[in-house]
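User: I am new to this structure and would like a close look at a single part of it, explained step by step.

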Amino acid sequence: MKVGVMEHVDSMHLLPGHRKCGVPHGHTYRVEVAVEGPVNDGMVIDFDVLKSQLREVLKEFDHVDLNRIIAYPSCENIAMEILRRLKARIPDLKMEVRIWEGEGKWAQCEG
Ligand SMILES: [Zn+2]
(Lines give C-alpha, C1' and ligand atoms only; values in the text may rest on other atoms or scores of the structure.)
Protein backbone atom coordinates (compact mmCIF):
# COMPACT_ATOMS: atom_id res chain seq x y z
CA MET A 1 0.00 0.00 0.00
CA LYS A 2 1.08 3.59 -0.62
CA VAL A 3 0.68 6.57 1.67
CA GLY A 4 1.84 10.11 1.04
CA VAL A 5 2.30 13.58 2.41
CA MET A 6 2.72 17.01 0.86
CA GLU A 7 4.75 20.04 1.87
CA HIS A 8 5.87 23.30 0.26
CA VAL A 9 9.09 25.26 0.11
CA ASP A 10 9.83 28.66 -1.37
CA SER A 11 13.31 28.87 -2.84
CA MET A 12 15.50 30.75 -5.24
CA HIS A 13 17.43 29.26 -8.13
CA LEU A 14 19.19 30.09 -11.36
CA LEU A 15 19.83 27.76 -14.30
CA PRO A 16 22.79 29.18 -16.22
CA GLY A 17 22.00 29.71 -19.89
CA HIS A 18 18.32 28.81 -19.55
CA ARG A 19 15.89 30.98 -21.51
CA LYS A 20 13.54 31.65 -18.58
CA CYS A 21 15.36 30.41 -15.47
CA GLY A 22 18.69 32.04 -16.40
CA VAL A 23 18.30 34.90 -13.94
CA PRO A 24 17.95 34.56 -10.16
CA HIS A 25 14.27 34.08 -9.27
CA GLY A 26 12.02 32.15 -6.93
CA HIS A 27 9.52 29.34 -7.16
CA THR A 28 7.08 27.78 -4.75
CA TYR A 29 7.86 24.08 -4.90
CA ARG A 30 5.24 21.57 -3.84
CA VAL A 31 6.92 18.46 -2.51
CA GLU A 32 4.88 15.26 -2.60
CA VAL A 33 6.27 12.09 -1.08
CA ALA A 34 4.70 8.64 -1.27
CA VAL A 35 6.06 5.57 0.49
CA GLU A 36 5.09 2.00 -0.26
CA GLY A 37 5.21 -0.98 2.02
CA PRO A 38 3.16 -3.51 3.95
CA VAL A 39 0.56 -2.40 6.47
CA ASN A 40 1.78 -3.23 9.96
CA ASP A 41 -0.46 -2.46 12.94
CA GLY A 42 -2.72 -0.50 10.60
CA MET A 43 -0.03 1.69 9.03
CA VAL A 44 2.60 1.71 6.30
CA ILE A 45 4.33 4.52 8.20
CA ASP A 46 3.01 6.95 10.78
CA PHE A 47 2.13 10.20 8.94
CA ASP A 48 3.68 12.08 11.84
CA VAL A 49 7.01 10.31 11.31
CA LEU A 50 6.95 10.82 7.54
CA LYS A 51 6.00 14.50 7.87
CA SER A 52 8.59 15.26 10.51
CA GLN A 53 11.38 13.53 8.57
CA LEU A 54 10.41 15.35 5.37
CA ARG A 55 10.25 18.69 7.19
CA GLU A 56 13.72 18.11 8.58
CA VAL A 57 15.05 17.50 5.06
CA LEU A 58 13.19 20.50 3.65
CA LYS A 59 14.55 22.91 6.26
CA GLU A 60 17.67 23.13 4.13
CA PHE A 61 15.65 23.84 0.95
CA ASP A 62 13.25 26.52 2.22
CA HIS A 63 14.02 30.21 1.62
CA VAL A 64 17.51 29.45 0.36
CA ASP A 65 19.50 29.77 -2.83
CA LEU A 66 19.23 26.24 -4.23
CA ASN A 67 22.38 26.75 -6.31
CA ARG A 68 24.29 26.55 -3.02
CA ILE A 69 22.99 23.00 -2.45
CA ILE A 70 22.72 21.61 -6.00
CA ALA A 71 25.04 22.51 -8.88
CA TYR A 72 22.21 22.72 -11.44
CA PRO A 73 18.97 22.97 -9.46
CA SER A 74 16.47 21.86 -12.09
CA CYS A 75 13.21 20.36 -10.91
CA GLU A 76 14.63 16.90 -11.73
CA ASN A 77 17.81 17.43 -9.70
CA ILE A 78 15.90 18.88 -6.74
CA ALA A 79 13.66 15.80 -6.72
CA MET A 80 16.67 13.45 -6.78
CA GLU A 81 18.43 15.32 -3.97
CA ILE A 82 15.35 15.35 -1.73
CA LEU A 83 14.81 11.63 -2.46
CA ARG A 84 18.43 10.87 -1.56
CA ARG A 85 18.23 12.76 1.73
CA LEU A 86 14.85 11.37 2.75
CA LYS A 87 15.81 7.83 1.78
CA ALA A 88 18.81 8.11 4.13
CA ARG A 89 16.36 8.78 6.96
CA ILE A 90 13.75 6.16 5.98
CA PRO A 91 15.74 3.43 4.22
CA ASP A 92 13.32 0.52 4.55
CA LEU A 93 10.40 1.72 2.44
CA LYS A 94 10.10 2.25 -1.32
CA MET A 95 9.66 5.93 -1.96
CA GLU A 96 8.50 8.35 -4.67
CA VAL A 97 9.25 12.06 -4.63
CA ARG A 98 7.39 14.46 -6.93
CA ILE A 99 8.41 18.12 -7.06
CA TRP A 100 6.07 20.69 -8.54
CA GLU A 101 7.80 23.83 -9.80
CA GLY A 102 4.94 26.28 -9.51
CA GLU A 103 1.73 25.09 -11.17
CA GLY A 104 1.58 22.55 -13.96
CA LYS A 105 5.22 21.38 -14.03
CA TRP A 106 6.66 18.49 -12.06
CA ALA A 107 9.43 15.92 -11.91
CA GLN A 108 9.24 12.59 -10.13
CA CYS A 109 11.78 9.99 -9.11
CA GLU A 110 11.68 6.76 -7.16
CA GLY A 111 14.05 4.83 -5.00
ZN1 LIG B 1 13.08 28.63 -12.33
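At what angle do the axes of helix α1 and helix α2 cross?

Analyst: The model shown here is predicted, and the description that follows rests on it. Two packed helices are described by the angle between their axes and the distance between the axes. Helix α1 covers residues 47-58 and helix α2 covers residues 75-89, and their axes cross at roughly 135° while coming within 10 Å of each other. Angles over 145 degrees would count as roughly antiparallel and those from 65 to 115 as roughly perpendicular, and α1 and α2 are therefore oblique to each other. As for handedness, the crossing of α1 and α2 is right-handed.

The residues that bring the pair into contact can be named on each side. From α1 come Gln53, Leu54, Glu56, Val57 and Leu58, and these meet Ile82, Arg85, Leu86 and Arg89 of α2. Sorted by class, this contact of α1 with α2 holds 5 nonpolar residues, together with 3 charged residues and 1 polar residue.

For context elsewhere in the model, a zinc ion has His13 (NE2), Cys21 (SG), His25 (NE2) and His27 (NE2) as its protein donors, at 2.0 to 2.3 Å from the ion. The angles among the 4 donor atoms run from 98 to 131°, and the site of the zinc ion is tetrahedral. Of these donors, His13 belongs to strand β1 (residues 2-13) and His27 to strand β2 (residues 25-36), a pair that lies 14 residues apart and links distant parts of the chain.

Notes. Residues numbered from 1 in each chain as written. Predicted model: local features only at pLDDT ≥ 70, side-chain atom pairs only at ≥ 80, totals over all residues. Heavy atoms only, no water. Axes fitted to C-alpha atoms, helices over the stretch in contact; angles between N-to-C directions. Helix = DSSP H or I, 4+ residues; strand = E, 2+ residues; numbered from the N terminus. Parallel < 35°, antiparallel > 145°, perpendicular 65-115°, else oblique. Left-handed = near helix turned anticlockwise from the far one by under 90°. Contact = heavy atoms within 4.5 Å. Nonpolar A, V, L, I, M, F, W, Y, C, P; charged D, E, K, R; others polar. Donors = N, O, S within 2.8 Å, 3.2 Å for Na, K, Ca; no water. Tetrahedral: all angles 85-135°; square planar, octahedral: opposite > 155°, others 65-115°.
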